[in-house]
Amino acid sequence: MKPNDTFSAARILLAEDDEIMRITLCDRLSKQGWSVDEAEDGKKALQFLQKNTYQMVISDIRMPGLDGQQLLEKVKELSPETNVILMTAYGGTDDAVSCLKKGASDYLLKPFDMDDLTIRIKRLLEIQAIKRKCATLEEGQCKRSPIIGSSGAIMATLQLVSQVALSDATVLVHGESGTGKELVAAAIHYGSKRATQPYIRINCAAIPEGLMESELFGHEKGAFTGANCRKSGKFELADQGTILLDEIGDMPLDLQAKLLRVLQENEIERVGGTRSIPLDVRVICATAKKLKDEVQKGAFRQDLFYRLQVIPIEVPPLRQRKEDIRELCDVFLHEFSRDRGMAFVLSDEALDTLESYDFPGNVRELKNIIERICVLATSPLIQVWNLPPDIIGRTQQTGEESMILSQAVAKAEKTCIIRALRQTDGTKSEAAKLLGISRKNLW
């Protein structure tokens with residue numbers, strides 16, 4: 001199935017007690033490429049509904065056992081997102097209005113033109129596609145951001161990303177917290193043939209264990225307390241597109257087994273469901289944990305680890321690509337300058353200090369530091385004393401202490417001056433007073 005095909009995946013339930021009419025309709029709908037299930041009465045149609053998922057139900061109003069309006073109520077109860085078209089040879093405007101008020105999507109008087117029915121079905125399927133796209137946006141469709149940097153380490157990563165994006169293989173993105181694993185996953189999706197399809201993200205560490213299975217795979221009505229109707233999970237929302245399972249290392253063991261089956265069989269089963277639902281979804285996983293160690297601890301399934309490790313991508317920490325710090329700072333300063341209405345620039349000494357720092361929080365930590373500086377700075381030129389004290393302290397502590405007296409004195413002077421400038425918010429005359437020297441000597 002092509003990911004951009006709006007209609008070919010549609011499944012339709014046709015409920016019609018007139019055999020000739022049923023066969024005629026089924027033949028015409030099947031020629032459109034739609035999968036059609038036939039029911040000769042309302043009870044049979046209800047049995048189909050309880051077992052399968054349909055995008056469309058087309059039903060005659062007058063049928064033995066369970067009429068069309070009663071079937072409409074059942075559809076709205078079991079699967080609210082399914083459209084219902086009602087047909088009748090008897091009725092008028094009042095009947096049509098009544099059916100539409102009860103939730104029918106359309107109403108047809110027999111005899112009707114088959115081409116007209118086809119057009120109506122396609123229109124409703126288009127509306128469903130738009131609703132699905134809106135749902136993916138509500139689920140947190142990420143703002144696409146570039147991966148910044150031109151160092152050898154990051155260029156090698158980008159090269160691998162461009163190669164991986166061309167396939168549908170499962171990818172495991174791993175790296176320290178704050179390195180940009182989500183950006184790498186998004187780059188894979190938007191560089192693939194699925195770029196126009198849904199991109200759904202879910203953080204496995206942020207969802208309570210008892211709710212995770214329902215969030216991932218959906219649930220049937222009555223599957224548990226509070227399940228008042230059938231609900232689609234994240235995998236169904238991502239059909240034809242990509243799903244990112246962030247922090248996969250925090251997924252419970254019992255769900256790991258179910259995820260393995262999804263990867264192997266390309267199908268899911270809703271909580272409380274009795275049938276498998278085929279899906280076409282590309283899976284990308286991300287984690288800051290070393291899954292190999294988690295396997296040895298018994299916290300992660302070995303078979304799932306090997307299944308995810310089809311194409312591993314290691315995102316380098318910032319300390320291994322310090323040549324990118326200047327470029328990252330320029331981008332972040334430009335972003336926060338717009339917010340403050342002030343064009344911020346780093347002094348050479350401030351930039352050198354940042355490049356000497358190891359950034360255990362990686363790019364996320366650097367961005368937070370630049371944002372804090374831009375909020376608190378009173379001058380467009382950011383000096384070294386505008387940097388957080390822990391960064392200055394750590395960079396000064398790196399390396400062996402010099403035993404040369406002049407160097408030690410110079411270092412102590414620098415520390416004392418920076419403290420005074422920070423305390424006076426960069427006002428040099430006030431800093432000179434605190435230091436007990438003249439402004440000229442301070443310069």
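These legends walk through several close-up views of a predicted model.

**View 1. How sure is the predictor?**
Residues are numbered from 1 along each chain as its sequence is written, and side-chain values use heavy atoms, with hydrogens and water left out. Because this is a predicted model, local features need pLDDT of at least 70 and side-chain atom pairs count only at pLDDT 80 or more, while totals for chains, interfaces and linings use all residues. That score, pLDDT, is the predictor's confidence in each residue, from 0 to 100. Here the chain has a mean pLDDT of 85, with 89% of its residues at 70 or more. Residues 1-6 are another story: pLDDT stays under 50 there, and the model gives them 10 contacts beyond four places in sequence (contact means heavy atoms within 4.5 Å).

**View 2. An open sheet of 5 strands, with a helix packed on it.**
Follow the strands across and you get the order S2-S1-S3-S4-S5, with parallel pairing. Strand S2 (35-39) and strand S5 (106-109) stand at the edges with a single partner strand each, so one side of each has no neighbour in the sheet. From one strand to the next, the twist averages 15 degrees. Helix H1 (residues 19-31) packs on this sheet, touching strand S1 (11-15), S2, strand S3 (56-60) and S4, and its direction makes about 170 degrees with that of S2. A bit of vocabulary: helices (H or I, at least four residues) and strands (E, at least two) are DSSP runs, numbered from the N terminus, and two strands pair if DSSP finds at least two bridges between them. Axes are lines fitted to C-alpha atoms, for helices over the stretch in contact, and angles run from 0 to 180 degrees between N-to-C directions.

**View 3. Strands S4 and S5 side by side.**
Strand S4 (residues 83-88) pairs with S5 in the parallel sense, over 4 bridges. Look for Met-87, which stands opposite Leu-108 in S5.

**View 4. Glu-16 and its contacts.**
You'll find Glu-16 in the loop between S1 and H1. Is Glu-16 buried or exposed? Glu-16 has a relative accessible area of 0%, so it counts as buried (buried means under 20%, exposed over 50%, partly exposed in between, with a 1.4 Å probe and protein chains only). Its side chain reaches the backbone nitrogen of Asp-18 at 3.0 Å and makes a polar contact with the side chain of Lys-110 at 2.7 Å. A polar contact is a pair of N or O atoms within 3.5 Å; within protein, one must be able to donate a hydrogen and the other to accept it, and residues adjacent in sequence count only if both atoms are side-chain atoms. Beyond four places in sequence, the residues in contact with Glu-16 include Met-21, Arg-22, Asp-60 and Met-87.

**View 5. Some backbone oddities.**
Most residues other than glycine have a negative phi, and most peptide bonds are trans. The peptide bond from Lys-110 to Pro-111 is cis, with omega near -5 degrees, and Pro-111 lies in the loop between S5 and helix H5 (114-138). Gln-240 isn't a glycine, yet its phi is positive, near 75 degrees; you can spot Gln-240 in the loop between helix H9 (234-237) and strand S8 (242-246). Asn-362, in helix H15 (residues 362-376), also has a positive phi, of about 60 degrees. Gln-240 is buried at 8% relative accessibility, and Asn-362 is buried at 0%.
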